[in-house]
Amino acid sequence: MKRRKKGWLFLLCSFLMVLWPVLAMGADTIKLGVTEPLSGTFKDIGERYLDGVKYAVETINAGGGLLGKKIEIIPIDSELKPDVASRKAQNLILKEGVKFFCGGTGSSVGAAMSQLANRENVIFYTYGMEAASLTGDKCNKNFFRATSNTDTRSYALAVLMAQKGYKSIAIVAQDYSFGKEAVAAFKKKMAELSPQTKIVAELYHPAGTKDFAPYVSQIVAAKPDAIFTPNWGNDLTLLLKQGRPMGMKQKIFSYYINDEVVIGSLGDDSLVIGDMGVEIYTLSAPTKKNKEFVAKFYKDRGYYPVMRGKGYVATMFWAEAVKKAGSFDVNAIIKAWEGLSYDGPAGVWTMRAADHQTQLPFWVVEIVKNNPYYKHAFEKHAGVINAKDVEVPVDQTGCKMSN
Amino acid sequence: MSEFLVFFLHGLAYAGLLFLVSAGLTLVFGMMNVLNFAHAAMYMLGAYFSYTLMLHTQGQLWLSIIVCPIALFIIGALIERFLLRRVHAYGHVSELLLTFGLAYIITELVKWYWGNYPLALNIGGFLGETIQFLGLSYPVYRIFVFACGALVAIILAVILQKTRLGIIIRAAVNDNEMVDALGVNVPLVFMGVFAFGAALSGFAGVIAGPLLSTYPGMANDILVDAFVVIVVGGFGSLAGAVIASLIIGELQSFGALLFPKLSIALVYLLMVVVLILKPSGLFGEEQ
């Protein structure tokens, strides 16, 4: 009896598995595949980004859809592995004819998705993958970056630190391609803007370092005026948590300081107050559209769109390109997106035609105790850095786009 | 000179932590011949239990130090009695797979209950302060971590070498049929050893939580380090774990200062060198 029951269940499951794609295809929608790590260590990042894209799609659908069609999101768990993401995406292209993909986590995933997009002639856009090479020597016409990259973000932090007039700076970064690229770009811009500023320490530690004490001691001994770090996640948390009690009192200028998860997990605001960062989308960006967006998002969701805002704005930007193209034809959309400007919550974004790198302003934030968003410390608006101040000339990117 | 001393201290503190994490693992392997993949997951449980406890008691670390190892002792005993003992007859591969599966289940349960993001855990009182010496500020907690590691090492050595219980445990490892025949309840001894290993991992979690932060990936992140320690020290050797922890702790600390370009690979280089020179590890028994 038991065995027979199991048999039926098995049959039912196989039926569902075979039929599911067919059933799902029924509705006349435009599908958008979102590759994010939806399991494992980086699940929380993937889920926050996905939430932002979802909110954009809900907003578009509530307003009558895109060119009269509803958008349907297909979450793809990339597991942060390039081969997994591109295999799953390839299946969606072949079986369901999906033409649009996006993602924000893991530049290696981005490189694989970019290649796939180019081969299958679909569109992939990113709102979070920042390796400069994606719009540099690996660029192609099917890949769009609706966010910053390590070059522009480091440039923006260099502009900010040069404005402050620091005489000496210590650098601490993760020992892999991302950390090294970020530091190289920072040093280049700093030398250009403020040649008299000395780099008194330049330290690289393995990503996922547990004990920062040996690095903190070297920073403290170098006596810098301020510290620059592209660290994120736990490598930022532990640098602050272990560094501050050991006498590392300097202001930290970081790639991702206004991360509510990092600040919340410190449990002690005094470790982070006064630190500064730049970001392409911030809650505190004082544009009229952003104030409306943040208020509406909070009303709908019950929390604030930190990070999620990046997925939201990029997806709205993509939708603008589709509207301008007037069709869902991939080639028409590529053409329409090139050179397109979009005035959204994060200011005016322009997609540069030559390398598909969005030119956008950076919003400067300082971490303060009292803020309207959280009980713990969070950001305060502290200025803006214009797109042209951090522009990387096309001939320096290494991008040669073939049509 | 004072710079040397500071980096030496950094190394000691981290060595203390490494030893705490690897002690239970190497003990269980040495006594029971079980490579417990769930060890790091139990360490994680210890840290999360401690978080919840400290949340409700305004940061009383002392309470966590007592309660969490006991909780893990009970969990360890149940795992040994109802799971591990049943697969024991089927050999090492089954035991390995069982602990592997347990590691996944525990990790996912933790994420499900406590959420998939890092938690804020701070030490109040004297342990949270910094002391000044040699013109430097040094956190008291780092000294405390080393002291805990040293204390556990001494207690373990005394139990195993000087007490009747230690004699029975060591005898059960050598020839458990003989010990059984002498009227000792060998399955009970093994259950006790496994549970004690679990309690040690829970203790390590309590101590590590405030220093390394309490987050869902903490089990995976520490597992590799613990394995490196017991490979270098020799599988199952407590003395080996002590020495290997000290070497690795100091190597990481001075490596960051003297060979920054190599610091990412230094520990693994050490492991390779040791394995080439003495494949059974520094204090391991030759097969």
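**Pocket, sheet, core and two loop residues**

Reader: How many nonpolar, polar and charged residues are in the lining of the second largest pocket?

Author: The lining of the second largest pocket holds 18 nonpolar, eleven polar and three charged residues. The structure is a predicted model.

Reader: What makes a residue part of the lining, and which ones are closest to the centre of this pocket?

Author: A lining residue has an atom within 4 Å of a point of the pocket. There are 32 such residues here, and B:G30, B:F235, B:G236, B:S237 and B:E285 are the closest to the centre. Among these five, B:F235 counts as nonpolar and B:E285 as charged, because Phe is in the nonpolar class and Glu in the charged class. B:G30 and B:G236 count as polar, since Gly is placed in that class. The space in this pocket comes to about 860 Å³.

Reader: Which helix gives the most to the lining of the second largest pocket?

Author: That is α1(B), with seven residues. At least two residues each come from α1 (2-32), α5 (140-162), α6 (164-174) and α10 (238-258) of chain B.

Reader: How do you know that β11(A) and β12(A) pair?

Author: Two strands pair if there are at least two bridges between them. β11(A) and β12(A) (residues 347-351) have four bridges, in the antiparallel sense, so they meet that condition. A:G344 has A:G347 as its bridge partner, and A:D343 is opposite A:V348. Two residues make up the hairpin connection from β11(A) to β12(A).

Reader: What makes β12(A) and β13(A) a pair?

Author: They have two bridges, also antiparallel, and the cut-off is at least two, so they count as a pair. A:T350 is opposite A:Q359 of β13(A). This hairpin has six residues between its strands, and A:H356 in the turn has a positive phi of about 60 degrees.

Reader: Why are β11 and β13 of chain A said to stand at the edges?

Author: The open sheet of chain A has the order β11-β12-β13. β11 (341-344) and β13 (358-359) each have a single partner strand, so one side of each lacks a neighbour in the sheet.

Reader: What makes the residues of the largest nonpolar core one set?

Author: Such a core consists of buried nonpolar residues joined through side-chain atoms within 4.5 Å. The largest one has 113 residues, and those with the most contacts inside it include A:L32, A:Y125, A:W318 and A:I385. Helix α11 (residues 308-325) of chain A gives the most to it, with nine residues.

Reader: Why does this core lie between domain 1 and domain 2 of chain A?

Author: Domain 1 (29-148 + 285-360) and domain 2 (151-279) both give residues to it, so the core lies between them.

Reader: Why is A:N121 called partly exposed?

Author: Its relative accessible area is 27%. Buried means under 20% and exposed over 50%, so A:N121 falls in between. A:N121 has a positive phi of about 50 degrees although it is not a glycine, and it sits in the loop between α4 (107-120) and β4 (123-126) of chain A.

Reader: Why is B:N33 called partly exposed?

Author: At 42%, B:N33 is again between 20% and 50%, so the term applies. B:N33 is in the loop between α1 and α2 (39-56) of chain B, and its phi is positive, near 65 degrees, in a residue other than glycine.

Conventions:
Residues are numbered from 1 along each chain as its sequence is written. Chains are lettered from A and ligands numbered from 1 in the order in which they are written. This is a predicted model: local features need pLDDT of at least 70, side-chain atom pairs count only at pLDDT 80 or more; totals for chains, interfaces and linings use all residues. Side-chain values use heavy atoms; hydrogens and water are left out. On a 1 Å grid over the protein atoms alone, a cavity is a set of points where a 1.4 Å probe fits but cannot get out, and a pocket is an open set with protein on both sides within 12 Å along at least five of seven lines; lining residues have an atom within 4 Å of a point. Grid points are joined across faces, edges and corners, and a volume is the space filled by probe spheres set on the points. Buried means under 20% relative accessible area, exposed over 50%, partly exposed in between (1.4 Å probe, protein chains only). Domain bounds come from an automatic or database domain assignment.
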